[in-house]
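Biologist: Could you go through this structure with me? I would like to talk about confidence, contacts and pockets.

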Amino acid sequence: MLLVQKFHSIHEIDQEFIPSIELLLQEEVPNFDTLKIRQDTSPEGEVFTYFLFFGPTQNTPVGITQLSLKPIPSDELVPWHKKIKFWDKEHLHWKQASWQIGNGASGLCFFDAKFSRSGKDKVQDLIKEYEKRDDIKAEKLLSIKGLQDFHLSWETEVNHTQELFVLEPLSKAHKSYQEYIESLDPDMQKLIKKSWQEVHKKEEIVLGDYPSPLDTPKTFPVSAEKLDLWTKWGAQILTFEKNLKVLGCLLVLKGKNGNIFFEPMPFEPEGESVVKDELYTQYALLKFFEMADGRKCHMMKFGSKLIFENKMDLSFFQSQGFQYKTIQSQFKSRLQELNSPL
């Protein structure tokens, strides 16, 4: 039997539980701070609740799920003849319940494999519990297709599902970057080699590799506050530089058990970039294959895995050897006027 502990903010979670949470989410986020940032930068009024699950003999969490309650902008949904009933304030407290970890790329929960079945039952019970609340007028649930079989039980007219596609990490299945390149389609090999040649010979761009964010050039266009945060995380910075100007960079974060996270950050004006998109991915992979302890290479955007609504948008990464998983988004609303998630 699993025990559940509820926290009304990520900042309330006991420090002693954080290492276990990072292990549970080791292939999803580089560190616990990235989850904190997602909560701290959420829209005003959004409230988060975190549920940690404990086994009968464990004093560390074996599972985690996240719920956010978003205020529904009722002024746009309540008809005028109801608004004149000024004493009725119920609509001011309407909320949408969203079940997902982080940005949803990881579905809605994570459990130690030994507790996955009992954990699923516990999470489903939590969903049903919130569905009974009068102030919950809409609900959204993101789950990994084929692995997380969760459902919303409301019978409503507004009811739709959508498939989303999440970029998965590239595993180190080759001994070197050169061997990896040779495993790709010949056309992609030519494109990558041509891009590298143009960068080095035609554009005379220099690759920078800085063990600490504080070692980056003075012209590095990132705030001191962000540099200090990245330094706290133990980040490494890779750059594309020309004539003392930094054209773009890659934030490199080492997670648990060989999971390496790379986030491209171009600084060039859109449409005028010298460094092509594929080179950010390739520079990440070049560095990844140099890391003896690197096991999986994760590409990120805004601190999270990449999610695509159109499967065709994955082709850029698939041609470079990456895989994907499918996330199913479920949405139901008791308000006919609210027909899509907030």
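What follows is a conversation about this predicted model.

Biologist: What is the average pLDDT of the protein, and which element has the lowest mean?

Modeller: This is a predicted model, and the protein averages a pLDDT of 91, with 96% of the residues scoring at least 70. Among the elements, helix α3, residues 80-83, has the lowest mean pLDDT at 54, whereas β12 has the highest at 97.

Biologist: OK, salt bridges next. How many does the structure hold?

Modeller: The structure holds 17 salt bridges. One of them is between the side chains of E28 and K305, with an N to O distance of 3.3 Å. E28 lies in the loop between α1 (18-24) and α2 and K305 lies in strand β14, so this pair ties together parts that are 277 residues apart in sequence.

Biologist: And are E28 and K305 buried or exposed?

Modeller: E28 is buried, with a relative accessible area of 9%, and K305 is buried too, with a relative accessible area of 6%.

Biologist: What about K36, which residue does K36 form a salt bridge with?

Modeller: K36 pairs with D33, and the closest N and O atoms of the two are 3.9 Å apart. Both residues lie in helix α2, three residues apart, which is about one turn of the helix. D33 counts as buried at 15% relative accessibility, while K36 is partly exposed, with a relative accessible area of 22%.

Biologist: And K254, where does its partner D293 lie?

Modeller: The side chains of K254 and D293 meet in a salt bridge at 3.8 Å, N to O. K254 is in strand β11 and D293 in the loop between α8 and β13, so that pair links distant parts of the chain, 39 residues apart. K254 is partly exposed, with a relative accessible area of 48%, and D293 counts as partly exposed at 47% relative accessibility.

Biologist: Which residues are joined into one network by salt bridges that share partners?

Modeller: E28, E168, K305 and K325 are joined into one network in that way.

Biologist: Switching to rings, how many aromatic pairs are there?

Modeller: The structure holds 17 aromatic pairs. In the pair of F165 and Y324, the ring centres are 6.0 Å apart and the planes stand at 75°, so the pair is edge-to-face. F165 lies in strand β7 (residues 158-167) and Y324 in strand β16 (residues 324-333), so the contact ties together parts that are 159 residues apart in sequence. F165 counts as buried at 8% relative accessibility, whereas Y324 counts as partly exposed at 27%.

Biologist: Why is the pair Y177 and Y180 tilted?

Modeller: The ring centres of Y177 and Y180 are 5.9 Å apart and their planes are at 35°, so the pair is tilted. The two are three residues apart in helix α5 (residues 177-182), which means that about one helical turn separates them. Both Y177 and Y180 are buried, and together with F288 and F289 they form one aromatic cluster.

Biologist: Now pockets. How much space lies in the largest pocket, and which residues are closest to its centre?

Modeller: About 690 Å³ of space lies in the largest pocket. Its lining has 23 residues, and those closest to the centre are P264, P266, D277, K301 and L306. The elements that give two or more residues to this lining are β12, α8 (277-290), β13 (296-301), β15 (307-308) and α9 (315-318), with the largest share, four residues, coming from β12. The lining residues divide into 14 nonpolar, three polar and six charged.

Biologist: And what lines the second largest pocket?

Modeller: The second largest pocket holds about 600 Å³ of space and is lined by 27 residues, of which I37, W233, E263, F302 and G303 lie nearest its centre. Two or more residues each are given to this lining by α2 (32-40), α7 (224-232), β11, β12 and β14 (304-305). Here the lining divides into 13 nonpolar, eight polar and six charged residues.

Biologist: One last topic, backbone angles. What is the phi of L244, and where does L244 lie?

Modeller: Phi of L244 is near 65°, a positive value in a residue other than glycine. L244 lies in the loop between β10 (236-242) and β11 (245-254), and at 74% relative accessibility L244 counts as exposed.

Notes
Residues numbered from 1 in each chain as written. Predicted model: local features only at pLDDT ≥ 70, side-chain atom pairs only at ≥ 80, totals over all residues. Heavy atoms only, no water. Buried < 20%, exposed > 50% of the residue type's maximum accessible area, 1.4 Å probe, protein only. 1 Å grid on protein atoms, 1.4 Å probe; cavity = no way out; pocket = protein on both sides within 12 Å on 5 of 7 lines; lining within 4 Å. Points joined across faces, edges and corners; volume = space filled by probe spheres on them. Nonpolar A, V, L, I, M, F, W, Y, C, P; charged D, E, K, R; others polar. pLDDT = per-residue confidence, 0-100. Salt bridge = Lys/Arg side-chain N within 4 Å of Asp/Glu carboxyl O. Phe/Tyr/Trp six-rings, centres within 6.5 Å; stacked < 30°, edge-to-face > 60°.
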